[in-house]
Amino acid sequence: MEIYRAVIPTPGHWIFGLIPAILLLVALRVASRRRGSLRSVLSRWNLLFILGAASLLSFYSLASYQNQFQQRTRQIEQEFLEQAKGQIRQRAEFLQRWIQDEKTSAEEQLKVRLKQVVDQAILNAQHLVDLYHDQLDQSALTRLVIEALRPMRFSHGRGYLFATRRDGTELLFADHPEFEGHDMLDMKDQDGIYYVREMIRLCQTAGEGYCTYRISQPGSTRWDHRKIAYVRYFAPLDCLIGTGEYPESFESQLQQEIIEKLDHLALDAPLSLFGADYNGISLFGPVKGQNVLNIQDHDGLFVVKELIRAAQRGGDFVSYRMPGALGQGNYRKISYCLSIAGWNWYVGAGINLEYVERNAARSALELQEVLRRQLWQNGLLILALVLLLWLISRHLSLAIRSNVDQLNSALTQAVNCNQAIKLEAPAFDEFAEIAQAANQMLSQCRTAETHLRETQQRFRIALENAPLLVVLFNHQGQILISNSMWQTTLQELAGPLPRNFPLDLLDENSQRQFKAAVESIVHDHTSQCRFDMTFCAEGMPLRDFDVSLAPITLPQTPGPTLLFMAKEITQRLQAEKRLQWLAHYDALTGLANRYNASEQLENILGQPGRGTRWLFMIDINRFKRINELYGHKRGDQLLETIARRMQTVSPLPLLTARLSGNEFILVIEFTNDQTPGDFAPQLYEHLFQTICLEGTCLSVEARIGAVRCENDSVSKLLHKVDLALRTVKKNNPTDKFLLYDEILDQQYQEEERLEKALGEALHSPEQFELHFQPIWNLTERKLKGFEALVRWQHPDMGSIAPSCFIPLAERRALIVPLGRIIFERACQTLAHWLEQYPAVGSMGLRLSVNMAPQQFVTEDFIDELSASLSRWRIPPSTLCIEITETSLMEDPQLAIERIQKLKRLGITISIDDFGTGYSSLAYLQQFDVDTIKLDRSMIRNITEQRSAEKISDAVIRLAHDLDLETVAEGVEELEQLQLLKQLNCDAIQGYLSGKPCSRHDAEEWLRNPAFPFSRID
């Protein structure tokens, strides 16, 4: 690239040297003549001297100009080239850094996403537990939660949830349900990692965590796919819930997102961006998706292979001539490439050297203009000198003039007839040289015309191969130029090609946009307009295009000329419309989803109606059971059938929507005397009459809640109707329908208020105090010990019964901190008694403390208990832990392990409420307990029902055979006491022998531990 060669000084520059040189040569010629007078000889030699001096000055100025011009132009060329290299290197390094940053943050984004999915699943599960824990047993509640989590999917269906008990039993494996119910502790990956055990360890130590292992991926037979899983412990089900993702799938999605972003940056401009993999597949740019590995430029260079080698070397520049297969034009180009570690990618930036040359040439021209002014100043000085001698050179100029006239005549003839210049016997040889130079100029002009025709041909080829509809038309709409893609498209739409732009093929909106864009360009001189356009030919499907309209200037063309370029986007718009529909409607039933339902309900509330409007919420009972028995396909068909029936309800609903898996809502406007109470049975019969699906007839049951649409917000209405639905499901198992009533909300608010107060009270333990009920040994007729019972004295609400706040604490996961407070108070009291009343230790009295099931299964339960005993210096033998039969049977293996640890500490174990659980007799030999407490429900009817007496007798005999003590709870009548004596029951507890009392009153029993039954009336 030598710019100074292209920038040749014009005759205005070198005329200062040429003309004096010619005159000098003429003067020498004249001076060399032997004929002439002395006057003429002197004149000639005077002219020779003057013109010689002028020539020397002119040559000196011209030489200085040329030398300075060449040096500076070389410097400009080098500066522009280095600047261009710096720009493309910066852009290539920017692409590399940006992609590396995206890669680095990919795994962290993946972990955040996994945690969000699991957190949402935990919220959903907790919500179900809160709703149904007092309606369902633990097994049913577990199945309800697991089935609610099963359909949760993400990452285009790859992601799913799993749930595992802490003993390794798989509860949920959405992608492989055949593993559910199996022990997964021995599952390991290719690296020998027991990943299920690792997940359990994470939940036991920290409650949550991430685990990485190798496993199979859906759609693949290999087992070496790396997977990242996030798990979190869920206490109500004593399991861990988690999900996972394959980084390589997530990374593939990330690569596609990066390619889509970079594709918008890879514009065809002097500075361009590009990228491909090492196999030569273009990632973005004009040839995206094509294999360009073996493309050669004009000089035979394998361009892409050279770019790959440059990237593999750690980054380098490559110069080549742009192949037509990689872009428009055949220009010289320099690019800088860098590799993307780990992806076998390379990215780079390039620049059109012709653009650099043009910029450098433009700067050289500016330099030339500066030097030209300097040269003109020197010329003016020389001209002043020549003018002083004009009279002397006048005769010489007359002679020269005749030759000039001859030369001009020859030049005119050569231009008009396209012939070479021929001078007949010129008086001066210099004119013959001028004629020769003029002939060279004419030859160059013919060469330039040939080059122009070739350029026009290349333009036409590029126009035909452009992946766009391209057409050029004037401001009157007449088409001047169009490419084959435009012609093919118009023939498909309209048949014969129109001469004018086919506005009649556009819809009304597109016509308005097109006319507005033309008006803006023609009158407002807008540089470019971009908009979407729709062709709607009769009998043809609609076709959408992304259109760019820009003005261009053509010589000898009146008025503005417009360039129309369009790319078809029909499929993209259809995909966008589908996504928009899915964002507002349920994909299975076609009903409005929760988001759309909220919007429609808000619009309905804001519009006046002709009658009363009611919101109905419908919940299908035991829907997960249908999926279990008949499969998810039948379950989906059932939902579709119910959705279709909802849309045919009479009167027609104002809104039908599916809020969740088996939960629907609809809004009905009653304009006659019909009431919701009359409508609900009809609705139930219409929706849930026997449904037959492919030969299988299903009998479906449901519950319906309703609320009147009044001046409430959407969220408030949904809360009310949901409250009505939950109430009818919870409290009225025989009813199928319930209208919302303010009492329901009051009950809900009262429970919320009580929960809030309980949470605050846990931070103020002084609100809780213990009462103590004595336990009496019937065999030895002495005090056996006390049972500690908690009481809550709220500063504002007063005394709150345990039957109110204990179940609430268990439902809302507050029982564990409450249990710690109770146990700490019991240890404090027992330590005081041991210090103040030595008989407590000598008589072997024990203080019994109830342990909630949630507290019994916590990981640090044993450690906390042992620490409290050490802190208060309490002998373990004086403490008895009462554990309910139900909590033992929830996880017998864990119960056996915990009981063994408690026994090793020396603590006595009692099974509380015996007879209310199930299968306990089979485990009595394995549970190393000391005492069985007969539940008050067995004692209540022991004197009236023979069966109750027989059962009690059998339990007492079995306990004695196993060397266990028996304590009867709830003894309130003397007849019950006498019968229990006959049955050899070891001890009793109840109102008959002593009501729960304060610590002060209990100490009265310690001071006087006499057997009380002699004082009973």
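Helix 24 and helix 26 are roughly parallel to each other, because angles under 35 degrees count as such and this pair packs at an angle of about 15°. The model is a predicted one. The axes of helix 24 (residues 861-872) and helix 26 (residues 892-905) lie 11 Å apart, and their crossing is right-handed. On the side of helix 24, the contact involves Phe861, Ile862, Leu865 and Ser866; helix 26 contributes Arg898, Lys901, Leu902 and Leu905. By class, this contact comprises 5 nonpolar, 1 polar and 2 charged residues.

Elsewhere, 5 strands form an open sheet with antiparallel pairing, in the order 2-1-5-4-3. Strand 2 (170-173) and strand 3 (208-215) are the edge strands, each pairing on one side only. On average, neighbouring strands of the sheet are turned by 25° against each other, direction ignored. Strand 1 (residues 161-165) and strand 2 run antiparallel and are joined by 3 bridges. Thr164 stands opposite Glu170 of strand 2.

Two helices accompany the strands of this region, as tabulated below.

| Helix | Strands touched or crossed | Angle |
|---|---|---|
| Helix 5 (residues 195-205) | touches strand 1, strand 3, strand 4 (225-234) and strand 5 (239-245) | about 175° with strand 3 |
| Helix 6 (residues 247-263) | lies across strand 4 and strand 5 | about 110° to strand 4 |

Helix 5 packs on the sheet. Because angles over 145 degrees count as roughly antiparallel, the direction of helix 5, at about 175° to that of strand 3, is roughly antiparallel to this strand. Helix 6 runs at about 110° to strand 4, which means a roughly perpendicular arrangement, the range for that term being 65 to 115 degrees.

Note on methods. Residues numbered from 1 in each chain as written. Predicted model: local features only at pLDDT ≥ 70, side-chain atom pairs only at ≥ 80, totals over all residues. Heavy atoms only, no water. Axes fitted to C-alpha atoms, helices over the stretch in contact; angles between N-to-C directions. Helix = DSSP H or I, 4+ residues; strand = E, 2+ residues; numbered from the N terminus. Left-handed = near helix turned anticlockwise from the far one by under 90°. Contact = heavy atoms within 4.5 Å. Nonpolar A, V, L, I, M, F, W, Y, C, P; charged D, E, K, R; others polar. Pairing = 2+ DSSP bridges.
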